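This report describes the fold, the helices and the buried parts of one protein. The sequence and the structure come first.

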Amino acid sequence: MKSVNRAKLDLIIAVTAFGTIGIFVRYINLPSSVIAFVRGAVGAVFLLLLLYLRRTSFRWASVQPHWKLLALSGAIISFNWITLFEAYRYTTVATATLCYYMAPVFVTLASPFLFHEKLTPRKLLCVLAALCGMVFVSGVPQSGLPEAGEATGILLALLSAVLYASDVSINKLLDQVPACERTLVQLAVAALVMIPYILLTEDVAAMALTPLGAVLLLIVGVFHTGWCYSLFFGSMTYLPAQTVVLFSYIDPIVAIFLSALLLKEPLGWSGILGAVLVLGSTLISELPVRAAAETK
């Protein structure tokens with residue numbers, strides 16, 4: 001049986017790896033839809049192989065009653081990836097990641113309507129702080145309105161956050177489906193959805209993949225998706241939800257650091273202030289009331 005410390009280590013490895021994916025995608029010379037397809041397909045095959053190596057059968061009985069929601073979730077995941085990967089091409093990795101971390105805010109705003117959860121004053125203040133943070137992340141206070149390309153990247157990342165928030169909301173209804181089976185089905189559906197989309201929107205015959213791009217694509221599929229997803233969801237079985245939330249903030253911190261170090265994409269004072277507001281407000285919003293009080 002996995003120990004709590006081992007589960008924490010697995011979680012740290014997974015969320016740290018998630019923070020590096022933007023760097024990898026930047027150097028893969030393929031359309032975002034193709035990267036999303038490979039990510040879903042390779043990730044699903046990896047999880048199937050993992051089940052085989054563990055001598056565990058796929059529990060279809062737990063999946064069958066929820067296949068419609070699982071299929072919808074998988075389709076949303078595919079377009080969530082496309083919009084995020086496209087955002088990386090228009091704006092910095094740091095800015096796209098921070099916009100993407102608006103997803104918890106969107107979940108908070110939707111919760112009273114979807115799950116009849118109360119929107120407390122603390123959560124409302126956190127939402128307002130995050131929205132203010134987005135203004136600073138956009139760079140408006142520092143350099144005025146963003147250029148067309150930068151604005152496109154920000155809007156794509158925010159759309160990706162909306163899609164991710166939708167997927168999180170759906171997965172709240174799928175907590176009875178085992179994590180491995182749930183993720184496997186979602187990744188497989190994400191890949192299948194991408195096939196007609198790619199055939200309709202891309203010139204497949206004209207695509208060319210460099211050796212470096214092929215290696216990076218394989219890493220994104222096997223490591224970032226297959227292995228790290230299994231670590232992430234596997235750790236959730238042994239750790240409290242709030243621990244998972246806290247450790248998940250390693251992801252944007254790593255992305256911001258690598259964006260500045262490797263891609264020379266500094267945030268500037270406006271972006272740094274926006275990062276503090278967005279990440280700080282979403283973190284406080286997800287902490288229990290007692291824990292939040294103890295941090296004051």
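How many Å² does the accessible surface of the protein come to, and what percentage of that surface belongs to carbon and sulfur atoms? The accessible surface is about 14600 Å², and carbon and sulfur atoms hold 71% of it. The model is predicted.

## Overall fold

The protein has 16 helices and 0 strands. Its radius of gyration is 19 Å, close to the 19 Å given by the globule rule for 296 residues, so the protein is as compact as a globular protein of that length. The C-alpha trace spans about 50 × 50 × 35 Å along the principal axes.

Of the 296 residues, 47% count as buried. Among contacts with a separation of 6 or more, 90% are between residues 24 or more positions apart.

## Nonpolar cores

The largest nonpolar core contains 72 residues, and Trp 81 and Tyr 88 have the most contacts inside it. Helix α3 (residues 32–53) gives the largest share of this core, with 9 residues. Outside its neighbours within four places in sequence, Tyr 88 is in contact with Ile 21, Gly 22, Val 25, Arg 26, Val 93, Ala 96 and Thr 97.

A second core, separate from the largest, has 9 residues. Leu 70, Leu 174, Val 185 and Val 189 are among them.

## Helix α10 and its cover

Helix α10 covers residues 148–171, 24 residues in total. From first C-alpha to last it reaches 34 Å, close to the 34 Å expected at 1.5 Å a residue. Its buried residues are Gly 153, Ile 154, Leu 156, Ala 157, Ser 160, Ala 161, Leu 163, Ala 165, Asp 167, Ser 169, Ile 170 and Asn 171. An α-helix has 3.6 residues a turn, so residues three or four places apart point the same way.

Which helices are included in what covers the buried residues of α10? They include α5 (67–90), α6 (93–100), α7 (103–114) and α11 (179–201).

## Contacts of Ser 73 and Gln 186

Ser 73 lies in helix α5. Its relative accessibility is 0%, so Ser 73 counts as buried. Leaving out residues up to four places away in sequence, Ser 73 touches Asp 167, Ile 170, Asn 171 and Gln 186. Of these partners, Asp 167, Ile 170 and Asn 171 are among the buried residues of α10.

Gln 186 is placed in helix α11. With a relative accessible area of 4%, Gln 186 is buried. With residues up to four places away in sequence again left out, Gln 186 touches Leu 70, Ser 73, Gly 74, Ile 77, Asp 167, Asn 171 and Leu 174. Leu 70 and Leu 174 are also among the residues of the second core.

## Leu 98 in helix α6

Is Leu 98, in helix α6, buried or exposed? Leu 98 counts as buried because its relative accessibility is 0%, under the 20% cut-off. Beyond residues up to four places away in sequence, Leu 98 touches Met 134, Val 137, Ile 256, Leu 267, Gly 271, Ala 275, Val 278 and Leu 279.

Leu 98 and Ala 157 are 59 residues apart in sequence, with their C-alpha atoms 8.5 Å apart in space. Ala 157 is one of the buried residues of α10.

## Helix α7 and Pro 121

Helix α7 has 12 residues and reaches 15 Å from its first C-alpha to its last, close to the 16 Å expected at 1.5 Å a residue. Ala 103, Val 105, Val 107, Thr 108 and Ser 111 are buried in α7. His 116 follows α7 and has a positive phi, near 55°.

Pro 121 is found in helix α8 (residues 121–137). Pro 121 is exposed, with a relative accessible area of 61%. The C-alpha atoms of Pro 121 and Tyr 100 are separated by 24 Å, and the two residues are 21 residues apart along the chain.

## Aromatic pairs

The count of aromatic pairs comes to 9. One of them is formed by Phe 18 and Tyr 229, which are edge-to-face at 5.8 Å centre to centre with 85° between the planes. This pair links distant parts of the chain: Phe 18 is in helix α1 (residues 4–18) and Tyr 229 in helix α12 (residues 211–236), 211 residues apart.

Phe 18 counts as buried at 17% relative accessibility, and Tyr 229 counts as buried at 17% relative accessibility. Ring pairs join Phe 18, Tyr 229 and Phe 232 into a cluster.

Key:
Residues numbered from 1 in each chain as written. Predicted model: local features only at pLDDT ≥ 70, side-chain atom pairs only at ≥ 80, totals over all residues. Heavy atoms only, no water. Phe/Tyr/Trp six-rings, centres within 6.5 Å; stacked < 30°, edge-to-face > 60°. Helix = DSSP H or I, 4+ residues; strand = E, 2+ residues; numbered from the N terminus. Buried < 20%, exposed > 50% of the residue type's maximum accessible area, 1.4 Å probe, protein only. Expected span 1.5 Å × (residues − 1). Contact = heavy atoms within 4.5 Å. Rg over C-alpha atoms; globule rule 2.2 N^0.38 Å. Areas by Shrake-Rupley, 256 points an atom, 1.4 Å probe, with all protein chains shown as cover. Core = buried A, V, L, I, M, F, W, Y, C linked by side-chain atoms within 4.5 Å.
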